[in-house]
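Thanks for sharing this one with me. Here are my notes, in numbered points, to read alongside the model.

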Amino acid sequence: MKFSCKTQTVLWMVAVIFMISGMPVRTLSQSSPLPIDIAILEDPLDVLRLVNRDNLLDKDYPDQTIDMYKLENVTLPVTKGSHQLRPVANAALEELFKAAAAEGMELYVGSSYRRYRNQEVIYYNRVKRMGYDDGYSQMAGASEHQMGLAADVVSAEYADLFQTEFGETPEGIWLRENCARFGFIIRYPEDKTDITGVRYEPWHLRYVGPEAAAYIMENDLTLEEFSALRIIALGEYYGDALALEDESEP
Ligand SMILES: [Zn+2]
């Protein structure tokens with residue numbers, strides 16, 4: 001059977017359309033639940049790591065032989081003691097303090113890096129005093145303070161008072177409204193304790209980078225919720241490769 005020239009053209013067009021529609025399409029921007037660049041979601045700086053009771057840190061985290069984890073001294077005003085943070089969080093916190101000062105806010109660092117052993121002692125003392133775990137202290141390995149990416153930031157008035165009312169003071173409100181610009185989030189929001197497992201802490205800032213911070217704060221998310229979206233986004237980006245691996249299984 002012979003096709004006319006016109007019919008052949010149509011058949012070719014149909015064949016090409018079939019070929020194109022069967023091709024794997026990598027459209028992260030269309031299918032991803034997060035409008036954030038894949039290079040950021042891959043987290044080469046280890047700033048998006050989820051740490052909580054179900055995702056514990058090792059005793060020796062962060063590895064002090066690797067530059068990006070090397071803790072630096074904090075030179076900002078503090079309530080007491082000496083403080084350390086990872087360089088990326090330290091630099092960002094300095095910028096945050098500068099911006100706050102320019103708007104008349106006087107802020108202090110109340111807590112920062114805490115090693116595993118310290119957290120172990122804090123948790124033990126709290127549970128011993130209360131007779132049960134009342135959710136005020138994190139068990140060793142579950143505290144973001146061990147990451148060197150978290151800082152408790154307070155005003156002079158609340159220097160020793162870690163009370164939720166701080167969130168309604170000018171400093172607390174300023175932190176909530178501006179922290180994302182510097183890559184920080186309010187890690188334990190007021191209405192999300194059922195998700196975070198931690199009470200409302202308007203002073204606890206966690207560095208995640210400006211892109212993730214903007215998305216989390218704008219959409220009123222926790223890091224737990226963001227981490228789920230990130231897993232889906234990465235899965236969809238690598239979906240084709242994952243599917244091929246599945247097919248090769250016996
Ligand atoms: Zn804290």
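1. Let me begin with helix α4, residues 87-102 of this predicted model. Its 16 residues reach 23 Å from the first C-alpha to the last, which is close to the 22 Å expected at 1.5 Å a residue. Right behind α4 comes G104, with a positive phi near 80°.

2. Which residues of α4 are buried? They are A89, N90, A92, L93, L96, F97 and A100. These residues span an arc of only 165° around the axis, so they sit on the same side of α4. The spacing fits a general rule: an α-helix has 3.6 residues a turn, so residues three or four places apart point the same way. On the other side of α4, you will find E95, K98 and A102 exposed.

3. It is worth looking at what lies over that buried side of α4. The cover includes strands β1 (72-73) and β2 (84-85), helix α6 (170-178), and the strands β4, β5 and β6. Three of those names, β4, β5 and β6, come back in the sheet.

4. Now to the sheet itself. Four strands make up an open sheet, ordered β3-β4-β6-β5, and their pairing is antiparallel. At the edges are β3 (108-111) and β5 (184-188), each of which pairs on one side only. On average, neighbouring strands of this sheet are turned by 45° against each other, direction ignored.

5. For the pairings of β6, a few register details may help you. Strand β4 (residues 150-154) pairs with strand β6 (residues 201-207) in the antiparallel sense, over three bridges. Here A151 stands opposite L205 of β6, and A150 stands opposite R206 of β6. Strands β5 and β6 also pair in the antiparallel sense, over four bridges, with Y188 opposite E201 of β6.

6. Why is β6 described as largely enclosed by the rest of the structure? The reason is that seven of the seven residues of β6 are buried.

7. A small point on helix α8 (residues 210-218), which contains A214. Is A214 buried or partly exposed? A214 counts as partly exposed because it has 16 C-beta neighbours inside 10 Å, and 20 or more would be needed for a residue to be buried. A214 and F184 are 30 residues apart in sequence, yet their C-alpha atoms are 8.5 Å apart in space.

8. Helix α5 (residues 116-130) can be read in the manner of α4. It has 15 residues and reaches 21 Å from its first C-alpha to its last, close to the 21 Å expected at 1.5 Å a residue. Just after α5, G131 takes a positive phi of about 90°, and G104 after α4 has a positive phi too.

9. Finally, the overall picture of the chain. Its secondary structure comprises ten helices and six strands. Of its 250 residues, 30% count as buried. Taking the contacts between residues at least 6 apart in sequence, 69% join residues at least 24 apart.

Notes:
Residues are numbered from 1 along each chain as its sequence is written. This is a predicted model: local features need pLDDT of at least 70, side-chain atom pairs count only at pLDDT 80 or more; totals for chains, interfaces and linings use all residues. Helices (H or I, at least four residues) and strands (E, at least two) are DSSP runs, numbered from the N terminus. A residue is buried if 20 or more other C-beta atoms lie within 10 Å of its own, exposed if 12 or fewer, and partly exposed in between; C-beta atoms are placed from the backbone. Two residues are in contact if their C-beta atoms, placed from the backbone, lie within 7 Å. Two strands pair if DSSP finds at least two bridges between them. Axes are lines fitted to C-alpha atoms, for helices over the stretch in contact, and angles run from 0 to 180 degrees between N-to-C directions. The expected span of a helix is 1.5 Å times one less than its number of residues. The arc is that of the directions from the helix axis to the C-beta atoms.
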